[in-house]
Structures are given as structure tokens and as C-alpha cells.
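Load the model and keep the selection panel open. This tour moves stop by stop: select, look, move on.

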Amino acid sequence: MVHNFSAGPGVLPRKVLERAQRELVAFGNSGVSVLEMSHRSPEFEGIIGKAEADYRALLNIPSNYKVLFMQGGATAQFSAIVYNLIGSGKGDLTQKPVDFVVTGGWSERCAQEAALLGAKINYVINTKPTKHDGSIPPHSEWRFSGPDAAFVFYCENETVHGVEFDALNTANTTSTSTSSQFPFHLVPKGVPLVCDMSSNMLSRPFDVTKFACIFAGAQKNMGPAGVTVVIVRDDMLARRITDMPVPTILDYKIYAENQSLYNTPPAYSIYICGLVYDWLRNEVGGVEAMEKLNKKKATLLYDTIEQSGGFYRCAVKPGYRSNMNVPFRIYGADGKPSEEVEKKFAKESEAAGLLQLKGHRSVGGIRASLYNALTIEAVRALVEFMVSFKGRN
């Protein structure tokens, strides 16, 4: 039995893969595969329409928000949010600051991209000095620009560093805050809040109305690579600087006006996302049920790490440990991380059918990604291996 702990592209539900296999050669009564189907056909319009309807139902998305199926991954959205949301009327990019809450590598990259496009960057907080280990400063140290900011951006779950806001609902022991939830109340009134939810989208319920724009690359938790799903509030579609043209491929307004079909979309990726949404609604029981299972999986793994006597160690502070991505190091007798033992762990775990556990190249160590489609049996297999490996080393 093989278990896939890849951080992305991530594991897909077995039932989704089996259904896609059955429908690969011919979808329904169309006589053709979705891979070769016209995106203007009634069949594909039905596919994308149902995918959007199920996505809206799962997240209770209000009617004054558009759902867009775009391309380019979340990285393209780092530019898209600047082009689409930086402001209105005439003026250069430096007139309004853009507020960034930086808690890991992806929010850091988003800020860098905005700066590359000429935006005036304000770091509300930046945990880079602590190597993005979840040492979130107390709210009294958060520095928003104020009501004139173009928007506020944060990443809900940092895939590389394993930092997530309000993941396990545990007390935040590193801050004067009483909760590790993102402090929505601190965002200046009227300033749009933008969020990257690529690696924890659909892993738990949340209130869409707190946000002006949300985006998520599908390849982590809801489908294959190739499609990025954007949720954007209607009033944001006209929010742009008139003398800064928006590239057509990144233009939210054009995508909204054309139901995501302005050009040929990533049709098969959208189709698989639709199957995942259907599975989540009708097999799992929705995001509420999914959240309960995800907490069980994460707790099982974190408990194993904490009970290892220091052999395994997670550097992320307990209040901000991710349900989705769990990075950890393996320590030697000298009290330091041992790359030699970690290489041995990665090799032996792969031989045992536990795949893609090597940590991200920028941080090293081990990383287990526990996305929605990963079963509790897979996590049990991992922790059994971890206990056995510790005993042998």
C-alpha cells in the first residue's frame, strides 16, 4: 500500500481517480474525453457550472462574490491582486501602501512580487527573523498602514514552513492574544482583505464575507495543477488604476464577464476539481466533517512528534502549527538536527510506501502533508513507521 504525503501536487481521493478513469475515454454521452472536449460545448458548460455550484455550496459563498477559474497558479495571483486591486482612478502605484502580513515563504514571495511591480510595501509583521517558526508577534505590535491602504494580504497556511492561523484551535503561547486566529478586527475598516488559501482551502469552514478576494491553487487540496480558483467580491472588479492596464490573462473583470471562458480554460483540471467538490459534499459530508478528520490526522502526528523524547522536533510554535503541512527535523545524540539520519528516514520511508516526505529544499528536514484526500490510515502508517525508525536509530 502506497501513501502519498506530497506537498503539491497533492494526493487526490481514490474515488475521484477511479471515476475519472471510467470517464477518461468518453464523458457521459458525449462520445469524447474531457481532454478533447470544446470548452464551448454544452457538456463542458455543465461541468464548469456544476463545479462552481458545488464550490459555492461547500463554502456558502454569497451571490455578490464571483468564482473564477484561472491559470498560472497562486504565483500568478501575486501579480493579479496588484493589477486588479491596487486602487481606483489615476495615479501611480506608490500612492497607496499595500499591507503584508508575512509569516512564511509564500507571503514573503507575494510581497516581493508586489514590490517588483512598483507597489509601496508595508510589513504589518514579518517573522523572517525567527525563520518563520510561528512566532507571531502580539497584536499590539502589528503595524497596519491605516484606512488608506490599497489592501491587506496574508497567507492562511504557509505550505513550506507549516504555519497556519487558527489550525488546531490551541492557545497561542507566544503572544498576548487569546487565540491564534487571524485578527480580522485589526484590519482598518474599508480596507480590502486578500488571502492566499492554496494549501488549506476546503480543509475547514470559514466566513467568506470577511474577505474581498481569496485565491487558491488547486494542486494542494482540491485538484490537479493547472487551475487556480479565485473568489472575488463584486465591488473589487472595478478597483484598478486606469493608467495601469491589467494583462487580459489576469483581469478579474474579464474572467467574471465571460464565466471563466474568455479563452480556453484548463478544462480537465476544472473537471477533476468538480469531482473533488462532489466527493467532499456527498461522500465526506462537507467542510465541517472534513475539518474534524483533518484535526484527528494532525493531532495524531503532532502527538507522535512530541512523545518522541526530542528525537523528532517541530520548530513551529504550538499555537500556529498547520493541520495541512507538518515539517519536522530528526535530532542526533549531539542535540542537533542530523541530515544523515533524515536522509535515511526519507529512503526507508519511501521503501515502506510512504512517499514524498522529504522537506522543502529551503528548510530541509522532513515534511508530511496531510491534505483532505489523505486517509487517517495513511497517518497511522506514518506514525507506526516513525516509532519503529526511532527504535532502530
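The stops below run from the chain start through the cores and helices to the aromatic pairs and some unusual backbone angles. Keep in mind that this is a predicted model.

**Stop 1: Phe5**

Select Phe5. You are in the loop between strand 1 (3-4) and helix 1 (14-22). Is Phe5 buried or exposed? Phe5 is buried, with a relative accessible area of 0%. Now show its surroundings. Phe5 touches residues far along the chain, among them Leu354, Leu357, Arg367, Leu370, Leu374 and Leu382. Add Ile376 and draw a C-alpha to C-alpha distance. It reads 12 Å between Phe5 and Ile376, which are 371 residues apart along the chain.

Stay in this loop and step to Pro9. The peptide bond between Gly8 and Pro9 is cis, with omega about -5°. Most peptide bonds are trans.

**Stop 2: the nonpolar cores**

Select Tyr55, Met201, Leu202, Met222, Tyr277, Leu301 and Phe345. These belong to the largest nonpolar core, which has 90 residues, and they touch the most other members. Which element gives this core its largest share? Helix 6 (residues 267-284) does, with 10 residues.

Zoom in on Tyr55. Leaving aside residues up to four places away in sequence, Tyr55 touches Ile61, Val67, Met201, Leu202, Met222, Val229, Ile231 and Tyr277.

Now pick Leu68, Leu85, Ala119 and Ala150. They are in a second, separate core of 36 residues. In soluble globular proteins, nonpolar side chains tend to be buried together.

**Stop 3: helix 6**

Select helix 6. Its 18 residues reach 25 Å from first C-alpha to last, close to the 26 Å expected at 1.5 Å a residue. Colour the buried residues, which include Ile270, Tyr271, Ile272, Leu275, Val276, Tyr277, Trp279 and Leu280. What covers them? The cover includes helix 1, helix 2, strand 2, strand 10 (228-233) and helix 7. Helix 6 is followed by Gly285, which has a positive phi, near 105°.

**Stop 4: helix 7**

Move to helix 7 (residues 287-306). It has 20 residues and spans 28 Å from first C-alpha to last, close to the expected 28 Å. Mark its buried residues: Val287, Met290, Glu291, Asn294, Lys297, Ala298, Leu301, Tyr302, Thr304 and Ile305. Look down the axis. The buried residues of helix 7 fall within an arc of 165°, so they line one face. An α-helix has 3.6 residues a turn, so residues three or four places apart point the same way.

Which exposed residues sit on the face turned away from the buried side of helix 7? Select Lys292, Lys296 and Glu306. Then turn back to the buried residues of helix 7. They pack against helix 2 (42-59), helix 6, strand 11, strand 12, strand 14 (366-369) and helix 9 (376-392).

**Stop 5: aromatic rings**

Show every Phe, Tyr and Trp ring. How many aromatic pairs does a search of the whole structure find? It finds 26.

Take Phe100 and Phe153. This pair is tilted, at 5.5 Å centre to centre and 50° between the planes. Phe100 lies in strand 3 (residues 97-102) and Phe153 in strand 5 (residues 152-155), so the pair ties together parts 53 residues apart in sequence. Both Phe100 and Phe153 are buried.

Next, Tyr312 and Phe328. Their ring centres are 5.7 Å apart and their planes stand at 90°, so this pair is edge-to-face. Tyr312 is in strand 11 (residues 312-313) and Phe328 in strand 12 (residues 325-330), 16 residues apart. Tyr312 and Phe328 are buried.

Now select Trp142, Phe144, Tyr154, Phe165, Phe182, Phe184, Phe206, Phe211 and Tyr320. They form one aromatic cluster. Add Lys210, which lies over the face of Phe184 at 4.9 Å from the ring centre. For another charge over a ring, show Arg313 and Tyr331: Arg313 lies over the face of Tyr331, 3.8 Å from the ring centre.

**Stop 6: positive phi**

Most residues other than glycine have a negative phi. Two residues to check here are Asn60 and Lys131.

- Asn60 has phi near 55°. It lies in the loop between helix 2 and strand 2 (65-70). Asn60 is exposed, at 64% relative accessible area.
- Lys131 has phi of about 60°. It lies in the loop between strand 4 (120-126) and strand 5. Lys131 is exposed, at 69% relative accessibility.

Note on methods
Residues are numbered from 1 along each chain as its sequence is written. This is a predicted model: local features need pLDDT of at least 70, side-chain atom pairs count only at pLDDT 80 or more; totals for chains, interfaces and linings use all residues. Side-chain values use heavy atoms; hydrogens and water are left out. Rings of Phe, Tyr and Trp (its six-membered ring) pair if their centres lie within 6.5 Å; planes under 30 degrees apart count as stacked, over 60 as edge-to-face and the rest as tilted. Helices (H or I, at least four residues) and strands (E, at least two) are DSSP runs, numbered from the N terminus. Buried means under 20% relative accessible area, exposed over 50%, partly exposed in between (1.4 Å probe, protein chains only). A charge sits over a ring if NZ of Lys or CZ of Arg is within 6 Å of the ring centre and within 35 degrees of the ring normal. A nonpolar core is a set of buried Ala, Val, Leu, Ile, Met, Phe, Trp, Tyr and Cys residues joined through side-chain atoms within 4.5 Å. Contact means heavy atoms within 4.5 Å. The expected span of a helix is 1.5 Å times one less than its number of residues. The arc is that of the directions from the helix axis to the C-beta atoms.
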